[in-house]
Amino acid sequence: MKTGLDFQIVEQLLGGKFGTFDVACPLCGPERRSHVNQERRVLRIWRTSEDFATFRCARCEEEGFVRRERVGAENPPTTNKIIGAARRNSKKEVHDPSRRPATS
Ligand SMILES: [Zn+2]
């Protein structure tokens, strides 16, 4: 599905935040004559996860969803999480409290 927005734009608008946001619509805002209308927060974005958001504009009625597009050169956060979890698990084994001497 092709929409007028992409994930990069959403990320720029929200700055990495999660939740529901009302922002100036980058699709229909620029064609407004007055600055007030250009900046009017008519676009509602629901960012449900790091890589996914849905949106709907009350003025141009553009709606849809955007997803982060994985690029090969990028370092996806999910991979880092998996590596981090694996490291934590191996640490946990080393510092197993049941192995600790009673005197410590
Ligand atoms: Zn709009």
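Two residues are in contact here if their C-beta atoms, placed from the backbone, lie within 7 Å. By that criterion, residues 24 or more positions apart account for 42% of the chain's contacts with a separation of 6 or more.

Some ground rules will help you follow along. The model is predicted, and local features need pLDDT of at least 70, side-chain atom pairs count only at pLDDT 80 or more, while totals for chains, interfaces and linings use all residues. Residues are numbered from 1 along each chain as its sequence is written.

**Overall layout**

The chain contains three helices and four strands; helices (H or I, at least four residues) and strands (E, at least two) are DSSP runs, numbered from the N terminus. Their order along the sequence is α-β-α-β-β-β-α. The chain has 104 residues, of which 13% count as buried. A residue is buried if 20 or more other C-beta atoms lie within 10 Å of its own, exposed if 12 or fewer, and partly exposed in between, with C-beta atoms placed from the backbone.

**The sheet**

The four strands make an open sheet, ordered β1-β2-β3-β4, with antiparallel pairing. At the edges sit β1 (19-23) and β4, each of which pairs on one side only. From one strand to the next, the twist averages 20°. Two strands count as paired if DSSP finds at least two bridges between them. As general background, strands of a sheet pair through backbone hydrogen bonds, either parallel or antiparallel.

Strand β3 can be followed through its two pairings. With β2 it shares six bridges, the two strands running antiparallel, and R44 stands opposite R56 in β3. These two strands form a hairpin with two residues between them. On the other side, five bridges join β3 to the antiparallel strand β4 (residues 63-67). Here A53 has V66 as its bridge partner in β4, and T54 stands opposite F65. This second hairpin, of β3 and β4, has five residues between its strands.

Helix α1 (residues 7-14) lies across β1, β2, β3 and β4, and runs at about 100° to β2. For that angle, axes are lines fitted to C-alpha atoms, for helices over the stretch in contact, and angles run from 0 to 180 degrees between N-to-C directions.

**The core**

Which residues make up the largest nonpolar core? There are 12: L5, V10, V23, C25, C28, V42, L43, I45, A53, F55, C57 and V66. Strands β2 (43-49) and β3 (52-57) each supply at least two of the core residues, and β3 gives the largest share, three residues. A nonpolar core is a set of buried Ala, Val, Leu, Ile, Met, Phe, Trp, Tyr and Cys residues joined through C-beta atoms within 7 Å. In soluble globular proteins, nonpolar side chains tend to be buried together.

The side chains of β3 alternate: A53, F55 and C57 point to one face and are buried, whereas F52, T54 and R56 point to the other and are not. Among the buried ones, C57 is in contact with C25, L27, C28, V42, L43, E62 and E63, leaving aside neighbours within four places in sequence.

**Three residues outside the core**

The table compares surroundings for three residues that are not buried.

| Residue | Exposure | Other C-beta atoms within 10 Å |
|---|---|---|
| T54 | partly exposed | 14 C-beta atoms |
| R41 | exposed | 12 C-beta atoms |
| E61 | exposed | 9 C-beta atoms |

T54 is found in strand β3. Not counting residues up to four places away in sequence, T54 touches W46 and F65. T54 and V10 are 44 residues apart in sequence, yet their C-alpha atoms are 9.5 Å apart in space.

R41 is found in the loop between α2 (35-39) and β2. Apart from neighbours within four places in sequence, R41 is in contact with D22, V23 and A24. R41 and C25 are separated by 16 residues in sequence and by 6.7 Å in space, C-alpha to C-alpha.

Where is E61 found? E61 is in the loop between β3 and β4. E61 counts as exposed because it has 9 other C-beta atoms within 10 Å. Its backbone also deserves a look: phi of E61 is near 60°, a positive value in a residue other than glycine. For context, most residues other than glycine have a negative phi.
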